[in-house]
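Subject: Structure handover

Hello,

Here is the structure for you to look through. My notes on what turned up in it follow below.

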Amino acid sequence: MTSNVDKSVAGVGERQYHIGVAPGEVSTVALLPGDPFRVPLIAEFLTDVKTVAHQREHLTMTGWYKGRHITATSTGMGCPSTAIAAEELIRVGVTSLIRVGSSAGLQPGIKPGDLLVSEGTLRNDGTTAAYAHPGYPAVPDLRIATALGDVARELTEGTTTTVYSGLNVSDDAFYAEGPEWISQLNSLGILNVEMESSALYVVARLRGVRAGMICAASSNLFDGTSLYDGVKEALAEGWTRSIEAALETAVRLEL
């Protein structure tokens, strides 16, 4: 006689199927870029760097920053792969997750390279509907969100970079974000749009761990600045500052 597989217990304590890491190979805090090519950018800040695994879109490296053991794992694009990465990192001992990504601004004045700290996410994705009631909030850990904002403002003081804190939205369909939807989000006061944080926050809350997000602005969909407008240099500078803010937050909060 057979029985259904219980995914909540299958593989616990083993090398994880998708991200390829095992207990003992990672730290308690993980920085999560979407793109695997940005994991080495995080590693540039670290010492004693090791590549732990690279399967599919999930590259994991570890190292040390100011006495804290740090893990960096790429989630890939969108909520489905982010949820998988978060679930499997939690299974092997990660207790704090900080997304360092790219995000498009939705309010006037946000320019490429500015930093965007999430205080909560409008769940416009399909993944989290499988996890929780539609009204379940997708919110970061308060201490992590507060520290990210404080540290980012300290790091950018005296520069042309502005740090914004507010609500964002997680969408599933990048090229379906038309002018009507952008205007609606702007009128609701939504600060920025990205594709991963709702899954990160919901999984973290349900599994009893902490999460937060700081993104670099890639464009401004409300002001008419797209990814195709030569913004890569400013965005790369924003990534560097967001990574440093996340690392300093991990040290400050002893994550």
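Y175 has 68% relative accessibility, which is over 50%, so Y175 counts as exposed. Its sequence neighbour F174 counts as partly exposed because its relative accessibility is 37%, between the cut-offs of 20% and 50%. This is a predicted model, so all of these values depend on the prediction.

F174 and Y175 also form an aromatic pair. The arrangement is edge-to-face, with 4.8 Å centre to centre and 75° between the planes. The count of aromatic pairs comes to one.

F174 turns up again at the largest pocket, where F174, S102, M195, S218 and L227 are the lining residues that lie nearest the centre. This pocket holds about 840 Å³ of space, and 28 residues line it. By class, the lining divides into 14 nonpolar, seven polar and seven charged residues. At least two lining residues come from each of β5 (96-105), β8 (192-194), β9 and α6 (232-252). The element that gives the most is β5, with four residues.

The second largest pocket has a volume of about 480 Å³. Its lining has 18 residues, and K7, A10, E87, E88 and R91 lie nearest the centre. Here α2 gives the most to the lining, with seven residues. The classes in this lining are seven nonpolar, five polar and six charged.

Next, the interior. In soluble globular proteins, nonpolar side chains tend to be buried together. The largest nonpolar core in this model has 31 residues, and L89, L97 and L200 have the most contacts inside it. Four elements, β1 (29-32), α2 (79-91), α5 (197-207) and β9 (210-220), each supply at least two residues of this core. Another core, of 29 residues, lies apart from it; L46, A152, A245 and L255 are among its members.

Which residues does L97 touch, not counting those up to four places away in sequence? They are A30, L32, A86, L89, I90, L200, V209, R210, A211 and G212. That list includes L89 and L200, which are named with L97 for having the most contacts inside the largest core.

Two elements appear in both parts of these notes. α2 supplies at least two residues of the largest core and gives the most to the lining of the second largest pocket. β9 likewise supplies at least two residues of that core and at least two of the lining of the largest pocket.

Regards

Conventions. Residues are numbered from 1 along each chain as its sequence is written. This is a predicted model: local features need pLDDT of at least 70, side-chain atom pairs count only at pLDDT 80 or more; totals for chains, interfaces and linings use all residues. Side-chain values use heavy atoms; hydrogens and water are left out. A nonpolar core is a set of buried Ala, Val, Leu, Ile, Met, Phe, Trp, Tyr and Cys residues joined through side-chain atoms within 4.5 Å. Buried means under 20% relative accessible area, exposed over 50%, partly exposed in between (1.4 Å probe, protein chains only). Contact means heavy atoms within 4.5 Å. On a 1 Å grid over the protein atoms alone, a cavity is a set of points where a 1.4 Å probe fits but cannot get out, and a pocket is an open set with protein on both sides within 12 Å along at least five of seven lines; lining residues have an atom within 4 Å of a point. Grid points are joined across faces, edges and corners, and a volume is the space filled by probe spheres set on the points. Ala, Val, Leu, Ile, Met, Phe, Trp, Tyr, Cys and Pro count as nonpolar, Asp, Glu, Lys and Arg as charged, and the others, Gly among them, as polar. Rings of Phe, Tyr and Trp (its six-membered ring) pair if their centres lie within 6.5 Å; planes under 30 degrees apart count as stacked, over 60 as edge-to-face and the rest as tilted.
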